[in-house]
Amino acid sequence: MQLPSSATVAAVVLSVVFLICATEAHNITHILASHTQFSTFNHYLTTTHLAAEINRRQTITVCVVDNAGMSDLLSKHLSIYTIKNVLSFHVLLDYFDAKKLHQITNGTALAATMFQATGSATGSSGFVNITDLKGGKVGFSPADYNGPPPAKFVKSIEEIPYNISVIQISTILPSDEAEAPTPGPSQMNLTSLMSAKGCKVFAETLLASPAEKTFEDNVDGGLTIFCPGDDAMKKFLPKFKNLTAEGKQSLLEYHGIPIYQSISNLKSNNGDMNTLATDGAKKYAVVIQNDGEDVTIKTKIMTAKITATLVDKLPLAIYSLDKVLLPKELFKAAHTPAPESLAESPKHSKSPPAPASPADSPADSPADGPNGDADDLTDSGAVKYNAGASFAAVFSLWFAFNLLM
């Protein structure tokens with residue numbers, strides 16, 4: 001039997017290595033957790049939700065400053081939304097470890113930042129200039145900065161080659177644009193935002209309900225809204241009018257999650273989520289599940305799909321849906337007979353009536369239903385991916401072994 005070429009074997013081995021490595025992901029907060037001198041920087045990465053965005057990216061460099069440096073920033077009393085812009089200006093969209101910093105071609109390099117990627121930066125204000133200085137030092141400055149570099153490279157904290165590099169710089173990089181006041185959520189009109197983007201009927205219904213205040217009260221702490229499109233909401237309105245006042249409020253609040261969830265978070269954090277309607281025994285939960293690039297919102301009795309991202313800016317995300325979400329606490333499942341009909345003897349059920357559809361079965365009190373129906377829907381997308389990659393890795397190893405035999 002002819003032995004395979006070294007190139008073939010190398011390709012197989014490299015594919016195995018890639019698959020194994022692909023199951024690993026960096027976590028910036030975990031990296032910084034063991035370095036107490038960066039605890040303030042780490043805290044604000046979490047508070048601003050910037051950590052999650054960093055963790056989703058590949059080939060980046062995070063320029064951290066110590067607690068003293070963060071104190072200088074915090075003394076300016078910037079809003080949390082502006083602080084996010086400042087910190088995003090310290091995340092370079094390229095990989096720079098200590099070695100690369102000291103081997104910059106022509107002694108200087110221009111790197112885009114996450115602040116540039118937000119679209120809030122104008123011109124070159126979202127870029128950072130890296131300069132290889134005399135005496136083995138490396139300087140950092142905004143691209144539009146006049147004068148010697150205000151920050152210097154101090155040391156490398158963590159290096160995962162070509163994935164993430166975490167380095168310490170001496171001070172916060174100055175940026176008028178990043179530090180410019182950023183509108184807070186209290187300045188956002190939720191119903192106006194939804195009305196202007198295809199969810200006018202839902203917005204008007206919300207505006208006429210006590211649920212509107214529940215939504216407004218939760219924006220500051222983070223809020224995700226699933227608003228049914230106008231066609232879906234118009235079709236549902238006759239059924240909505242049959243609900244009690246309490247039922248109407250609960251149904252509207254069922255379309256909100258009391259945390260900010262970007263579309264990337266929704267794709268990676270599959271599983272049960274409480275809603276604004278959740279209240280003790282009245283669970284009112286939904287199940288988030290991605291199907292390829294699509295994200296679905298599942299209740300016990302139906303499934304809706306996200307059709308568009310209307311707003312996605314911390315701390316608010318609004319997505320349009322193709323259907324109105326129907327909670328089991330208010331509606332009976334289609335094709336499922338009511339509990340009483342299950343108890344009837346055969347002689348009394350010669351011609352059982354057809355089961356009511358979800359839209360025709362509003363209940364004044366929580367409907368009976370089995371517990372834990374959604375347990376089989378909470379598989380983590382990450383777990384599935386790792387399992388698939390592991391299988392592929394094992395198969396590749398087996399294939400390589402057979403080639404070499």
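**Helix packing, a salt bridge and enclosed space in a predicted model**

Helix H3 (residues 39–47) packs against helix H5 (residues 67–74) with the axes 7 Å apart and at an angle of about 55°. The structure discussed here is a predicted model.

Reader: How are H3 and H5 oriented to each other?

Author: The two helices pack at an angle of about 55°. Angles under 35 degrees count as roughly parallel and 65 to 115 as roughly perpendicular, with the rest, up to 145, counted as oblique. H3 and H5 are therefore oblique.

Reader: Which residues in H5 are met by residues in H3, and how many of the residues of this contact are charged?

Author: From H3, the residues Ser-39, Thr-40, Phe-41 and Tyr-44 take part, and they meet Asn-67, Met-70 and Leu-74 in H5. By class, the residues of the contact of H3 with H5 comprise 4 nonpolar and 3 polar. The number of charged residues there is none: no charged.

Reader: Which parts are tied together by the pair Lys-84 and Glu-53?

Author: The count of salt bridges comes to 7. In one of them, the side chains of Lys-84 and Glu-53 meet at 2.6 Å, N to O. Lys-84 lies in helix H6 (residues 80–88) and Glu-53 in helix H4 (residues 50–56), so the pair ties together parts that are 31 residues apart in sequence: H6 and H4.

Reader: Which element supplies the largest share of the lining of the second largest pocket?

Author: This pocket holds about 490 Å³ of space. Its lining has 20 residues, with Glu-53, Lys-84, Thr-118, Asp-312 and Lys-313 nearest the centre. At least two lining residues come from each of H4, H6, helix H8 (114–117), helix H14 (263–268) and strand S13 (303–313). The largest share, 4 residues, comes from H6.

Reader: How many charged residues are in the lining of the second largest pocket?

Author: Among the lining residues nearest the centre of this pocket are Glu-53 and Lys-84, whose side chains meet in a salt bridge. By class, the lining has 7 nonpolar and 7 polar residues, and the charged residues number 6.

Reader: How many charged residues are in the lining of the largest cavity?

Author: The model has 1 cavity of 30 Å³ or more, and the largest cavity contains about 100 Å³ of space. It is lined by 12 residues, with Tyr-254, Lys-283, Ala-285, Lys-300 and Lys-328 nearest its centre. The lining divides into 5 nonpolar residues, 1 polar residue and a charged group of 6.

Methods:
Residues numbered from 1 in each chain as written. Predicted model: local features only at pLDDT ≥ 70, side-chain atom pairs only at ≥ 80, totals over all residues. Heavy atoms only, no water. Axes fitted to C-alpha atoms, helices over the stretch in contact; angles between N-to-C directions. Contact = heavy atoms within 4.5 Å. Nonpolar A, V, L, I, M, F, W, Y, C, P; charged D, E, K, R; others polar. 1 Å grid on protein atoms, 1.4 Å probe; cavity = no way out; pocket = protein on both sides within 12 Å on 5 of 7 lines; lining within 4 Å. Points joined across faces, edges and corners; volume = space filled by probe spheres on them. Salt bridge = Lys/Arg side-chain N within 4 Å of Asp/Glu carboxyl O.
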